[in-house]
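Q: I've got this structure open and I'd like to get my head around one part of it. Could you take me through that part slowly, in plain language?

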Amino acid sequence: MAKNLTQKIIEAHLVSGEMVAGQEISIRIDQTLTQDATGTMAYLQFEAMGVPQVKTELSVSYVDHNTLQSGFENADDHRFLQTVAAKHGIHFSRPGNGICHQVHLERFAKPGKTLLGSDSHTPTAGGMGSLAMGAGGLDIAVAMAGGAFYLNMPKVVKVELKGALKPWTAAKDIILEVLRHLTVKGGVGRVIEYTGEGVASLSVPERATITNMGAELGATTSIFPSDEATRVYLEKQGRGGDFAPLAADADATYDEELIIDLNTLEPNVAQPHSPDNVVAVKDLADKRIPVQQVAVGSCTNSSYTDLMRLAAVLKGKTVHPNVSLVVSPGSKQVFEMIARNGALADILAAGARLLESACGPCIGMGQAPSSGAVSVRSFNRNFEGRSGTADASVYLASVETCAAAAVLGYIADPNELGEFPVIELPEQYLVDDRLVLAPSENPADVEVLRGPNIKPLPVNTDLADALTAPVSLKVGDNITTDHIMPAGAKVLPLRSNIPAISEHVYVRVDPQFPARAKELGKSVIIGGHNYGQGSSREHAALAPMYLGVKAVIVKSYARIHRANLINFGLLPLTFVNENDYDTIAQGDEVAIDNLTEQIQAGNEITVKNVTKGTTFTVTHDLTGRQIDIILAGGLLNYTKKQAI
Ligand code: F3S
C-alpha cells in the first residue's frame, strides 16, 4: 500500500500498536535533545532509572535558555548538565554554541530518524526529514534509557506548495499563511507533511523555519521530504554521509489537504497576541504602525541566510532612531561565519545591538520592550506578556519584514526596500564542533557536580497490595496545576530541588498542607471536577508524590495532569457516584483492600471509608500498560523493571 512519509518513518520505528489514527502506538527513538530549562529534571529522572549509559544513537544536552547568570543557580545547572552528560554518554553543547534546534539541524539531525526533545520546537528538525517531536522530561529520560515513546497515531495533513516564492517573500510567510488557514488548534493530533513543486526551491534552514512553527499549530510534528536540497545542505555541513533520500509514495493518501500557492503569497505578519492572527503586511502598510523594537533571532529565524539577508538590507543604512534592533545569531556557526565574512560589521555599523547565540528575548531573558511598545520579531510566539512587558504588542514576521521595520521605523512591506538581495547558501559551512563536548571515555571517573540547588530525584515506591491512608486534603472543582504547584520567581528556580519545591504544594489553598502531608507519611486527596486543569507541569504530580500522596479520587480529571499522575505512580481514581464525594471529609481514613487484584480484575474498585464505616465505588480507566506503571510506582520504576 502506498504510504506517506510520516507513515514510512513511524512504520520503521513501530514497537507496538496499529497505525490507525487516534490509536495508541509506541515507537523507538533514535535521538534525544534537551535544553537547560527542562534538562536538569530530565537528567535527574534518567539518573534515577539507574541506566549507566544512554541507549539512543545520539543524545545531546544544550544550554541556551537560562544563560543569564545573575545568581549561582543557572551556572550550577550548567555545571551539573555538563558533568551528567559526560558520565552517561550524552553530548554537551556548551553555552555560546547556540540554540538547540538551530545547532541540532546543523550538526546532528538526520533524515528518517526519530528525535524526541524536551522542548516544544523540536519539530524544527523536520526540515531535514526527521520525525522530531517535543515531549516532557520524563519521556525523554525513558527514551534515553531505551524505552519506547507512546503517542496516539496522528492524522497526516498534506500541505502542497505550488510555484516558488517571489522576492521579499520568505519561508516565514509560508508558515504564517498555514497558521492563518489552520489556526493554533488546527494541528492537534496531526503531522503536517509538506509536498509539491515548491518544496524543491526551499533550502533546509527555510524548511526548518516552517516545521519549527508547526508547534504553533499544535501539531505533533511537521516534516519535509529529504531530497537534493537536503543532500546539498548536509554536504556543505561536512555531513554528506548522513544523507538518505526520503519521500512519500507518489499515490500516498492523506487525512486532510491544504494548498498554498507560493506565486501569489505576500509577506505576512502575525498580529498581537496570537501566531494565527495573520494578515498580509501590505494590509497594515497604510497605518504606518510605529515600531520601537525589532528582534531578529530565535530557533525560528536565525540561520546563516537569515542573518546575511539582514546584513544585506542594513548595509550602508542606519537603524531608525526610534527603534532598538537586537540580533541574536542562532548558533556559533552562524555567528562566526558572519563575523569572518564581514556581514557582522554591516549589522553593527547600522546600529544593531548584538546578543549571544541563545534564546535571549524569546524566553524573556532580557530586552523586554518599553511599556506599550510595538515589537516586531522574527520569533514564533507573541502571547501577551511573553516579551516581559505586559502591555507590549508583539508582531511576528520574516527577517525581511523585520529588517524593513528596523530601517523605516514602522511596519512596512519589505518590497518598499527596493531591490531584493539574493543570498546563496555558502560554499561550505564553517564546521567547528569544539563547543560540543563528547561524553567521557571513562565514565566511572566522572563526578557529577551538583550545586546546593540540585537535589536527587525522589522516586516512588511500589504501590502496596493494600492502601490504607487518611485524606490529607479535600478540594472542590476546577483545581489548576497552579493551585497544586504554583510557579513564579520564588518557586521556579527550585525546579531541580523537589524537597524544596514541595514546600509550596497547595499553599495557596491550604498553607498547612505540605507539613500535614509529610507528617501523615502517605495520604489521599479528594477533588471535584476538572482536577488538574492548566499547564502540563510535571511538578504538580511529582511534588505531591514526594509528600506521600498515593491516590487522588475526584469527579473528573484534566487529561494531561491525569497522565502525569500515572507517570509518577499516583493512582488516579474517579467516583462512580459523584454524591459519594459529599460523604468524605478531610481526615477520614480510606482503605482499598487487594489493590493489585482489584485493578487487574476490571475497571471498578471498592473503597472503604474506615472512619465512617461506609464503602463506595471508583473507576480507574487505566490501560494494561498504565496499570503496570502504577503498580511499579511510576514510569521510572516501570522502565527500570523492563530491564531495558
Ligand atoms: Fe528558545 Fe524561543 Fe526557540 S525560547 S528554543 S528560541 S522558542
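The part I'd like to look at is helix 10 (residues 304-314): how many of its residues are buried, what do they pack against, and where does the ligand sit among the domains?

A: Sure, let's start with the model and work inwards. What you have is a predicted model, with a mean pLDDT of 94 for the chain and 98% of its residues at 70 or more. For the complex, the predictor gives an ipTM of 0.99 and a pTM of 0.89.

Next, some bearings. The domain assignment splits the chain into domain 1 (5-15 + 25-261), domain 2 (268-417) and domain 3 (467-641). Domain 2 and domain 3 have their C-alpha centres 45 Å apart.

Now to your helix. Helix 10 runs over residues 304-314 and is mostly covered, with 10 of its 11 residues buried. The buried ones are Tyr304, Thr305, Asp306, Leu307, Met308, Arg309, Leu310, Ala311, Val313 and Leu314. Here's a handy bit of background: an α-helix has 3.6 residues a turn, so residues three or four places apart point the same way.

What do those buried residues lean on? They pack against two strands, strand 15 (293-296) and strand 16 (324-327). They also pack against helix 7 (204-212), helix 11 (332-340), helix 12 (343-349) and helix 13 (399-408).

Leu310 deserves a second look. The largest nonpolar core has 193 residues, and Leu310 is one of the three that touch the most other members, along with Val294 and Val552. If you want to see what such contacts look like, pick Val552: leaving out residues up to four places away in sequence, Val552 touches Ile525, Gly527, Tyr531, Leu565, Leu570, Pro572 and Leu573.

Now check the two ends of helix 10. Leading in, Ser303 sits in the loop between strand 15 and helix 10. Ser303 counts as buried because 27 other C-beta atoms lie within 10 Å, and the cut-off for buried is 20 or more. Setting aside neighbours within four places in sequence, Ser303 is in contact with Gln102, Pro205, Gly330 and Val334. For a sense of distance, Ser303 and Asp173 are 130 residues apart in sequence, and their C-alpha atoms are 16 Å apart in space. At the other end, just after helix 10, Gly316 takes a positive phi of about 80 degrees.

One of those contacts of Ser303, Gln102, leads us to another helix. Gln102 is among the buried residues of helix 4, a helix that covers residues 100-107 and has 8 of its 8 residues buried. Alongside Gln102, the buried residues are Cys100, His101, Val103, His104, Leu105, Glu106 and Arg107. They pack against helix 7 and helix 11, and also against strand 3 (31-34), strand 4 (58-62), strand 5 (91-93) and strand 20 (436-437). Helix 7 and helix 11 also turn up in the packing of helix 10.

That brings us to the ligand. Cys100 and His101 are part of its surroundings, together with His65, Ile99, Asp119, His121, Ser298, Cys299, Cys359, Cys362, Ile363 and Asn380. By class, this shell has 6 nonpolar, 5 polar and 1 charged residues. Domain 1 and domain 2 both give residues to the shell, so the ligand lies between them.

While you're in this region, look at some backbone oddities. Most residues other than glycine have a negative phi, and most peptide bonds are trans. Gln367 goes the other way, with a positive phi near 60 degrees. You'll find Gln367 in the loop between strand 17 (353-354) and strand 18 (374-377). Gln367 is buried too, with 20 other C-beta atoms within 10 Å. As for peptide bonds, the one from Pro272 to His273 is cis, with omega near -5 degrees. His273 is found in the loop between strand 13 (268-270) and strand 14 (278-280).

Finally, for contrast with all those buried residues, try Glu228 in helix 8 (residues 228-236). Glu228 is exposed, because just 10 other C-beta atoms lie within 10 Å, and the cut-off for exposed is 12 or fewer. Glu228 and Ala200 are 28 residues apart along the chain, with their C-alpha atoms separated by 7.7 Å.

Technical notes: Residues are numbered from 1 along each chain as its sequence is written. This is a predicted model: local features need pLDDT of at least 70, side-chain atom pairs count only at pLDDT 80 or more; totals for chains, interfaces and linings use all residues. A residue is near a molecule or strand if its C-beta atom, placed from the backbone, lies within 6 Å of it. Ala, Val, Leu, Ile, Met, Phe, Trp, Tyr, Cys and Pro count as nonpolar, Asp, Glu, Lys and Arg as charged, and the others, Gly among them, as polar. Domain bounds come from an automatic or database domain assignment. A nonpolar core is a set of buried Ala, Val, Leu, Ile, Met, Phe, Trp, Tyr and Cys residues joined through C-beta atoms within 7 Å. Two residues are in contact if their C-beta atoms, placed from the backbone, lie within 7 Å. Helices (H or I, at least four residues) and strands (E, at least two) are DSSP runs, numbered from the N terminus. pLDDT is the predictor's confidence in each residue, from 0 to 100.
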